[in-house]
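Here are some worked exercises to try with the model open beside you. Have a go at each task before you read its solution.

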Amino acid sequence: MALTVRVVYCGAGYKSKYLQLKKKLEDEFPGCLDISGEGTPQATGFFEVTVAGKLIHSKKKGDGYVDTESKFLKLVAAIKAALAQG
């Protein structure tokens, strides 16, 4: 069963950032993830990433975008840990 990754992003322009992250995660974990994205109906500044229901990355809490290798590796570590738990 695929691990659920959910991204809630600002609907006023962050869709491309979501799609880039989705592709990168799918390349890293082929066939292992169920990734969904939801754009908010108005400008929110959101870029919130949950893995198996746990908030891992939050732009609103100061994490910014997933735009560095260290931020991406934080998500990778969380996904690996969740996959290991089954």
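**Exercise 1. Decide whether Phe47 is buried or exposed, then list what surrounds it.**

Step 1. The model is a predicted one, so every value below is computed from predicted coordinates. Phe47 has a relative accessibility of 1%. Buried means under 20%, so Phe47 counts as buried.

Step 2. Now look for its neighbours, leaving out residues up to four places away in sequence. Phe47 touches Val7, Val8, Tyr9, Tyr14, Lys17, Tyr18, Leu21, His57, Ser58, Lys59 and Val66.

Step 3. Check its role in the nonpolar interior. The largest nonpolar core has 22 residues, and Phe47 is among those that touch the most other members, along with Val5, Leu21, Leu25, Leu33 and Ile79. E1, H1, E2, E3 and H2 each supply at least two residues of this core. H2 gives the largest share, six residues. As background, nonpolar side chains in soluble globular proteins tend to be buried together.

**Exercise 2. Find the aromatic pairs and classify the geometry of two of them.**

Step 1. There are three aromatic pairs in the structure. Start with Tyr9 and Tyr18: their ring centres are 5.2 Å apart and their planes meet at 10 degrees, so this pair is stacked. The cut-off behind that call is an angle under 30 degrees.

Step 2. Ask how enclosed these two tyrosines are. Tyr9 is buried at 7% relative accessible area, and Tyr18 is buried too, at 6%.

Step 3. Turn to Phe47 and Tyr65. Their centres are 6.3 Å apart with 75 degrees between the planes, an edge-to-face pair. Phe47 belongs to strand E3 (residues 47-51), while Tyr65 sits in the loop between strand E4 (54-58) and helix H2 (69-85), so the pair ties together parts that are 18 residues apart in sequence. Tyr65 is partly exposed, with a relative accessible area of 22%.

Step 4. Add the third member: Tyr14, Phe47 and Tyr65 make up one aromatic cluster.

**Exercise 3. Which rings have a lysine over them, and at what distance?**

Step 1. Go back to Tyr65. Lys17 lies over its face, 4.3 Å from the ring centre.

Step 2. Next, select Phe72. The charged end of Lys24 sits over this ring, 4.3 Å from its centre.

**Exercise 4. Work out the strand order of the sheet and place the helices on it.**

Step 1. Read across the strands: the sheet is open, with four strands in the order E2-E1-E3-E4 and mixed pairing. Strand E2 (33-39) and E4 are the edges, each pairing on one side only. From one strand to the next, the twist averages 20 degrees.

Step 2. Assign the sense of two pairings. E1 and E2 run parallel over seven bridges; Leu3, for instance, has Leu33 in E2 as its bridge partner. E3 and E4 are antiparallel over four bridges. Here Val49 is bridged to His57 in E4, and Glu48 to Ser58 in E4.

Step 3. Place the helices. Helix H1 (residues 15-28) packs on the sheet and touches strand E1 (3-9), E2 and E3, its direction making about 175 degrees with that of E2. H2 also packs on the sheet, touching E1, E2, E3 and E4, and its direction makes about 170 degrees with that of E4.

Step 4. Check how enclosed E1 is. Five of its seven residues are buried, so E1 is largely enclosed by the rest of the structure.

Step 5. Inspect the turn. The hairpin of E3 and E4 has two residues between the strands, and Ala52 takes a positive phi near 50 degrees there.

**Exercise 5. Is Ala43 buried or exposed, and which residues does it contact?**

Step 1. Locate Ala43 in the loop between E2 and E3.

Step 2. Its relative accessible area is 63%. Exposed means over 50%, so Ala43 is exposed.

Step 3. Look past its neighbours within four places in sequence: Ala43 is in contact with Cys10 and Ala12. The C-alpha atoms of Ala43 and Gly13 are separated by 8.3 Å, though these residues are 30 residues apart along the chain.

Note on methods. Residues are numbered from 1 along each chain as its sequence is written. This is a predicted model: local features need pLDDT of at least 70, side-chain atom pairs count only at pLDDT 80 or more; totals for chains, interfaces and linings use all residues. Side-chain values use heavy atoms; hydrogens and water are left out. Rings of Phe, Tyr and Trp (its six-membered ring) pair if their centres lie within 6.5 Å; planes under 30 degrees apart count as stacked, over 60 as edge-to-face and the rest as tilted. Buried means under 20% relative accessible area, exposed over 50%, partly exposed in between (1.4 Å probe, protein chains only). A charge sits over a ring if NZ of Lys or CZ of Arg is within 6 Å of the ring centre and within 35 degrees of the ring normal. Two strands pair if DSSP finds at least two bridges between them. Axes are lines fitted to C-alpha atoms, for helices over the stretch in contact, and angles run from 0 to 180 degrees between N-to-C directions. Contact means heavy atoms within 4.5 Å. A nonpolar core is a set of buried Ala, Val, Leu, Ile, Met, Phe, Trp, Tyr and Cys residues joined through side-chain atoms within 4.5 Å.
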